[in-house]
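User: I have a chain on screen and want a close look at a single part of it. Please start with the whole and then go into detail.

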Amino acid sequence: MAQATVDNSAHVQAPAALSAEHQQHPIKLYLVVWGLLFVLSVCSYFVDYFQFQGYLRWSLIIVFMLLKAGLIVAVFMHMAWERLALIYAILLPPIAVLVFVALMAPEAHYTMLTRLAFFGAAPGN
């Protein structure tokens, strides 16, 4: 009978140990992030409203997009509280893609200039 008591106390303590490991974040954090996402969305709307053009327009759109995505990933996907290895697994592939795109942009310009030199007109004309 003493054995059953020990087993019951182990079952009672197991959920408490699990709940100690699980951290609940305050609702205020989520409301603040929601407010920031709303403000960033309004700012990206104003980019179109004020009719920015060219590189300024696309730079602002991309900056607001990356800020919103970063907030969503960090807070709502709980990446801000994850291990560093998991953060690297999420962040390094997009960074590598951006590096490869930056490396290939001059190659694309070289290909276009080569086509113009040999064929005399831009493709599609």
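What area does the chain expose, and what share of it do carbon and sulfur atoms supply? Then take me through the contact between α2 and α3.

Analyst: The chain exposes about 10,500 Å². Carbon and sulfur atoms supply 73% of that area. Accessible areas here come from the Shrake-Rupley method with a 1.4 Å probe, and for residues only the protein chains shown count as cover.

Keep in mind that this is a predicted model: local features need pLDDT of at least 70, side-chain atom pairs count only at pLDDT 80 or more, and totals for chains, interfaces and linings use all residues. Residues are numbered from 1 along each chain as its sequence is written, and side-chain values use heavy atoms, with hydrogens and water left out.

The overall picture comes next. The chain has four helices and zero strands. From the N terminus the order is α-α-α-α. Helices (H or I, at least four residues) and strands (E, at least two) are DSSP runs, numbered from the N terminus. Of the 125 residues, 10% are buried. Buried means under 20% relative accessible area, exposed over 50%, and partly exposed in between (1.4 Å probe, protein chains only). Among contacts with a separation of 6 or more, 51% join residues 24 or more positions apart. A contact means heavy atoms within 4.5 Å.

The UniProt record, an unreviewed entry, annotates "transmembrane region" at residues 27-47, 59-79 and 85-105. Such annotations may be inferred rather than shown by experiment. In the model, residues 27-47 are 100% helix, with end C-alpha atoms 31 Å apart. Residues 85-105 are also 100% helix, with their end C-alpha atoms 30 Å apart.

Now the part you asked about. Helix α2 spans residues 27-49 and helix α3 spans residues 54-76. Their axes come within 10 Å and cross at roughly 165 degrees. α2 is therefore roughly antiparallel to α3, a label for angles over 145 degrees. Axes are lines fitted to C-alpha atoms, for helices over the stretch in contact, and angles run from 0 to 180 degrees between N-to-C directions. The crossing of α2 and α3 is left-handed: the near helix is turned anticlockwise from the far one by less than a right angle.

Which residues make the contact? On α2 they include Leu29, Tyr30, Val33, Leu36, Leu37 and Leu40. On α3 they include Arg57, Leu60, Ile61, Phe64, Leu67 and Lys68. Take Leu36, which sits in helix α2. Its C-alpha atom lies 9.6 Å from that of Leu67, although the two are 31 residues apart along the chain. Leu36 is partly exposed, because its relative accessibility is 41%.

The loops add detail. Gln51 lies in the loop between α2 and α3. Gln51 has a positive phi of about 55 degrees, yet is not a glycine. With 60% relative accessibility, Gln51 counts as exposed. His78 is in the loop between α3 and α4 (84-119). His78 also has a positive phi, about 60 degrees, and is not a glycine either. His78 is partly exposed at 31%.

His78 leads to His25, which lies in the loop between α1 (2-21) and α2. Leaving aside neighbours within four places in sequence, His25 is in contact with Tyr30, His78 and Trp81. His25 counts as buried, because its relative accessibility is 13%. Tyr30 thus appears twice: it touches His25, and it takes part in the contact of α2 with α3.

Technical notes: Parallel < 35°, antiparallel > 145°, perpendicular 65-115°, else oblique.
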